[in-house]
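Here is a short tour for anyone about to set up calculations on this chain. Have the viewer open and follow along, starting with the charged side chains.

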Amino acid sequence: MSAIESVLKENRVFEPSETFTAHANVSGMDAYNALCEKANADYEGFWAELARDNITWKQPFTKILDESNAPFFKWFEDGKLNISYNCIDRHLADKADKVAIIYDKDDGSSENITYRQLYERVCQLANGLKSLGVKKGDRVVIYMPMVADAVVAMQACARLGAIHSVVFGGFSAGAVKDRVKDAAAKIIITANESVRGGKRVPLKATVDDALAGGDCTSVEKVVVLQRTDADVAWSDDRDIWWHDLVQHQASDCEPEWVGAEDPLFILYTSGSTGKPKGVQHSTGGFLLGAIVSMKWVFDYKPNDVFWCTADVGWITGHTYIAYGPLALGATQVVFEGVPTYPDAGRFWHDIEKFKVTIFYTAPTAIRSLIKLGADLPKKYDLSSLRLLGTVGEPINPEAWMWYYQIVGNSRCPIVDTWWQTETGSNMIAPLPGAVAIKPGSCTLPLPGIIADIVDESGAPVEKGNGGFLVIKRPFPSLLRTVWGDNERFKSTYFPEDFGGKYYVAGDSAHRDENGYIWIMGRVDDVLNVSGHRLGTMEIESALVANPLVAEAAVVGKPHDVKGEAVVAFVVLKGERPHGDEAKRMAAELKNWVAHEIGKIAQPDDIRFGENLPKTRSGKIMRRLLRSLAKGEEITSDISTLENPQVMEQLKHSV
Ligand code: PRX
């Protein structure tokens, strides 16, 4: 509750400036309201018009929305298109020599790639993949560094109608293996190494590890980009260098025309239970969400230089790097490095260098950069900036004010964009030339997004009260299903508790007196660590997979920079460890989790007990563990606990 109360106190309001509004794509509240009313008056007609105006269709659609098999909604089903054509080919007539990608390398050097060059690179790789037997509907896992070629790989798959599944380059071999198996991927595209912050990470060796057990029987070839001069182990009949694959390929490749509902990609994300879910997106609806949000929320103009700092391993890097900016023919920065290398001025240095106009990053990055150099932005000329954005977690008003005043020089609106892997594109965010902003609120839904806050029975809550954030009507960029698991899709996102009709986001939120939406956090057992979603169950399963661990429970605790940090309560099979032995075990378990899932899931704090606090029926009392993790006094009655004495043991971090 404390978080809710503190944001409620925030009452600063920043109106868009007259100049911004005058030039905005959606100019003023009347224009915003008119769009919302248009959507309300003729919901399908509204989206159909946008889809006709913004997408180049090979075959126009005649059907708009099919709700007959809800919640398996279909949009523009009989339309045919290719997303790579929409992102590249359609710009060649008038923008062939425009820079599409400024590839901003880890070491500070950069390379400009024009639309013509991007076209050739994508076509050559697509032809190469075709020569390996890749065809429409095949799954390709992309496990790559943040190089421009990661975008090329995604676009090449899309060109062939192959379904890509990008796996974040920080995930471990185990995570790669699970995802490859679940999607039954035919091809893996990787690099020998990635380079971030001057450090090299062996990606190809991790892929080798993932494939070593022989479980991934679907994989036929591993394509390896040579990012560094490092040697890698080689399997002659399985591995092929990217440069060899594309060497003699034609630089034209007819796109595969796919149906609007054909899957574009799968992206695995954490849920509250079990293994990560393969969120499956469509082609037409996803593209439409990316384009309209670029125009409405990012107010995109042809001379903008757009920079989204996300990794293509996450949804933000899909929508606002690999597809959205390219679909509009934008010039964008693709950043390989980390915000703190060579120092904490890297973002500001590169904004000056590339004259970035729109900058989109995460609150966790902002908080860490404030810590490392609150004055650093002042050393650079940031006058090219006109719009700032954030995503991934609620931004605290202090960080917001710093971003607004110091980075944006009190000139640039901030778009705080609420959305999810599942929604495919921004859902709730200010249209910057229309909606006044308040630090910490993602403000109002985009036109055509019918968001509401409801109680357990699905009834709207009163203003000021918290409730479940839902979206009441299907929208084009919504996920279509969980890969291979329609039941899980239904029960997770359209639960019967809410009548099975609403998309239930898994977040709680409330509305203030102006109808502004404030996100309060997750309602399930999902942590938000540095803007990344981690299921507590996944980390628990990783811990208990260690032969020494009998039982584990994971919760979050507030963290200054990361938003939330992982705290693990662990019961070992042997004696409860003490002193140095406990320290050694904790270090071992942290490494273990990094090895099983990836460093992002590593607990900050591990506590050992002889048992976990359980009710007499054996249920772990997570509420108590959350209080212990935060260091709160336990005032509630714990007499119903099976084993109240363990509470004392679990109070202390190792
Ligand atoms: O809890 C919300 C939080 O991030 C979750 C979605 O995570 P993911 O699918 O990884 O996508 C992140 C990037 C789109 C949401 O359920 N979240 C995302 N954006 C915001 C946010 N919380 C508050 N404010 C936001 N702007």
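A salt bridge here is a side-chain nitrogen of Lys or Arg within 4 Å of a carboxyl oxygen of Asp or Glu. By this rule, the predicted model has 46 salt bridges. Side chains of opposite charge can pair when their charged atoms come close. Three of these pairs are worth a visit, and the table lists their closest N and O atoms.

| Pair | Closest N and O atoms |
|---|---|
| Arg159 and Asp89 | 2.8 Å |
| Arg386 and Asp299 | 3.0 Å |
| Glu422 and Arg533 | 2.9 Å |

Let us begin with the salt bridge between Arg159 and Asp89. Arg159 sits in helix H8 (residues 148–160), while Asp89 belongs to the loop between helix H5 (83–87) and helix H6 (92–95), so that this pair links distant parts of the chain, 70 residues apart. Are these two partners buried or exposed? Arg159 has a relative accessible area of 1% and is buried; Asp89, at 14%, counts as buried too.

Next comes the salt bridge of Arg386 with Asp299. Arg386 is in the loop between helix H15 (363–373) and strand E19 (387–391), and Asp299 is in the loop between helix H12 (284–296) and strand E16 (305–308), so parts 87 residues apart in sequence are tied together. Asp299 counts as buried, with 2% relative accessibility.

In the third pair, Glu422 forms a salt bridge with Arg533. Glu422 lies in the loop between strand E20 (414–417) and strand E21 (451–454), Arg533 lies in strand E27 (residues 532–535), and so the pair ties together parts 111 residues apart in sequence. Both Glu422 and Arg533 are buried.

Beyond single pairs, a network of salt bridges links Lys105, Glu111, Arg121 and Asp149. For the chain as a whole, the mean positions of the 71 positive and 86 negative charges are 0 Å apart.

Now for the overall picture. The chain has 21 helices and 30 strands. Its radius of gyration is 24 Å, which agrees with the value near 26 Å that a compact globule of 654 residues would have. Along the principal axes, the C-alpha atoms fill a box of roughly 75 × 65 × 60 Å. Of the 654 residues, 61% count as buried. Among contacts with a separation of 6 or more, 71% come from residues 24 or more positions apart. The accessible surface is about 24,900 Å², and carbon and sulfur atoms account for 48% of it.

A few backbone details deserve a look before you build a topology. Which residues does a cis peptide bond join? One such bond joins Ala70 and Pro71, with omega about 0 degrees, and Pro71 is in the loop between strand E1 (65–66) and strand E2 (74–75). Another joins Tyr341 and Pro342, with omega about 5 degrees; Pro342 is in the loop between strand E17 (331–335) and helix H14 (346–354).

Positive phi values turn up in residues other than glycine as well. Thr443 has phi near 65 degrees, lies in the loop between E20 and E21, and counts as buried at 0% relative accessibility. Ser530 has phi near 50 degrees and is found in the loop between strand E26 (526–529) and E27; with a relative accessible area of 22%, Ser530 is partly exposed.

Finally, Gly324 in helix H13 (residues 315–327) is buried, with a relative accessible area of 0%. Not counting residues up to four places away in sequence, Gly324 touches Ala290, Met294, His318 and Thr319.

Technical notes:
Residues are numbered from 1 along each chain as its sequence is written. This is a predicted model: local features need pLDDT of at least 70, side-chain atom pairs count only at pLDDT 80 or more; totals for chains, interfaces and linings use all residues. Side-chain values use heavy atoms; hydrogens and water are left out. Helices (H or I, at least four residues) and strands (E, at least two) are DSSP runs, numbered from the N terminus. The radius of gyration is taken over C-alpha atoms; the globule rule is 2.2 Å times the number of residues to the power 0.38. Buried means under 20% relative accessible area, exposed over 50%, partly exposed in between (1.4 Å probe, protein chains only). Contact means heavy atoms within 4.5 Å. Accessible areas come from the Shrake-Rupley method with a 1.4 Å probe; for residues, only the protein chains shown count as cover. Lys and Arg count as positive and Asp and Glu as negative; His and the chain ends are not counted. The place of a charge is taken as NZ of Lys, CZ of Arg, CG of Asp or CD of Glu.
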